[in-house]
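Subject: Structure for your review

Dear colleague,

Please find below the structure that I promised to send you. My findings follow it, in the order in which I would suggest reading them.

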Amino acid sequence: AAAEDAHEDERKAEEEAVERSAKRFAKVIEENVQEFQRLKNQRHKELEKAFDEVRKQDRAAIETKVKAIKQVAEAAEAAAKEAAEARKTLGQAAQREEADTDSE
């Protein structure tokens with residue numbers, strides 16, 4: 001009976017050791033899962049930040065191009081007005097010259 005009790009105690013001790021080992025293993029797995037989630041979330045945030053930065057840079061580049069195009073358009077419009085004024089002035093001068101020639 002004593003040998004049987006000793007054998008039973010040994011078996012229980014082994015079961016408890018296996019149970020403790022399984023709990024430690026489960027805890028390590030849970031910690032690893034949490035660390036993985038943390039790293040995944042961190043990486044996701046970093047990627048979002050990087051994409052936002054690229055979008056800002058793209059937007060700034062587009063805005064710069066739009067401003068340059070507007071400036072070119074404004075300059076072209078001003079040049080067209082100057083050309084129209086010059087044609088008008090030349091036309092008036094030509095009419096005066098004709099009038100002067102006619103009156104002579």
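Is Asp102 buried or exposed? Asp102 has a relative accessible area of 65%, and because a value over 50% counts as exposed, Asp102 is exposed. Please bear in mind throughout that the model is a predicted one.

The overall form

Asp102 lies in helix H1, which covers residues 2-103. The chain holds 1 helix and 0 strands. Along its principal axes, the C-alpha trace spans about 150 × 10 × 5 Å. The radius of gyration of the chain is 44 Å, whereas a compact globule of 104 residues would have one near 13 Å.

How much of the chain is buried? Of its 104 residues, 0% count as buried. The accessible surface amounts to about 9800 Å², and carbon and sulfur atoms account for 56% of that surface.

A pair of residues gives a sense of distance along the chain. Val18 and His44 are 26 residues apart along the chain, and their C-alpha atoms are separated by 38 Å. Val18 is placed in helix H1. With a relative accessible area of 56%, Val18 is exposed.

Patches on the surface

Which residues gather with Asp102 in a patch of negative charge? They are Glu97, Glu98 and Asp100, and the patch lies on the surface.

There is also a nonpolar surface patch, made by Phe25, Ile29 and Val33, with an area of about 280 Å². Phe25 belongs to helix H1. The relative accessibility of Phe25 is 56%, so this residue counts as exposed.

Taking the charges of the chain together, there are 21 positive and 27 negative ones. The mean position of the positive charges and that of the negative charges are 2 Å apart.

Salt bridges

How many salt bridges does a search of the whole structure find? The search finds 7. I describe some of them here, with the exposure of the residues concerned.

In the salt bridge between Arg11 and Glu8, the closest N and O atoms are 2.5 Å apart. Where do these two residues stand relative to each other in helix H1? Arg11 and Glu8 are 3 residues apart in that helix, which means that about one helical turn separates them. Arg11 is partly exposed, its relative accessible area being 34%. Glu8 also counts as partly exposed, at 30% relative accessibility. Both residues take part in a network of salt bridges that links Glu8, Arg11 and Glu15.

Another salt bridge joins the side chains of Arg43 and Glu46, with an N to O distance of 3.6 Å. Because Arg43 and Glu46 are 3 residues apart in helix H1, they are separated by about one helical turn. The relative accessible area of Arg43 is 48%, and this residue is partly exposed. Glu46 is likewise partly exposed, with a relative accessible area of 39%.

The side chains of Arg55 and Asp52 meet in a salt bridge as well, and here the N to O distance is 2.4 Å. What separates Arg55 and Asp52 along the helix? They are 3 residues apart in helix H1, and therefore about one helical turn lies between them. Arg55 has a relative accessible area of 40% and is partly exposed. Asp52 is partly exposed too, with a relative accessible area of 34%.

Points to keep in view

When you open the model, you may wish to begin with helix H1, residues 2-103, and then turn to the salt-bridge network of Glu8, Arg11 and Glu15. The two patches described above can follow: the nonpolar one made by Phe25, Ile29 and Val33, and the negative one, which includes Asp102.

Yours sincerely,

A colleague

How values were computed: Residues numbered from 1 in each chain as written. Predicted model: local features only at pLDDT ≥ 70, side-chain atom pairs only at ≥ 80, totals over all residues. Heavy atoms only, no water. Patch = residues over 30% accessible without salt bridge, like charges linked within 9 Å, V, L, I, M, F, W, Y side chains within 5 Å. Areas by Shrake-Rupley, 256 points an atom, 1.4 Å probe, with all protein chains shown as cover. Salt bridge = Lys/Arg side-chain N within 4 Å of Asp/Glu carboxyl O. Lys, Arg positive; Asp, Glu negative; His and termini not counted. Charge placed at Lys NZ, Arg CZ, Asp CG, Glu CD. Helix = DSSP H or I, 4+ residues; strand = E, 2+ residues; numbered from the N terminus. Buried < 20%, exposed > 50% of the residue type's maximum accessible area, 1.4 Å probe, protein only. Rg over C-alpha atoms; globule rule 2.2 N^0.38 Å.
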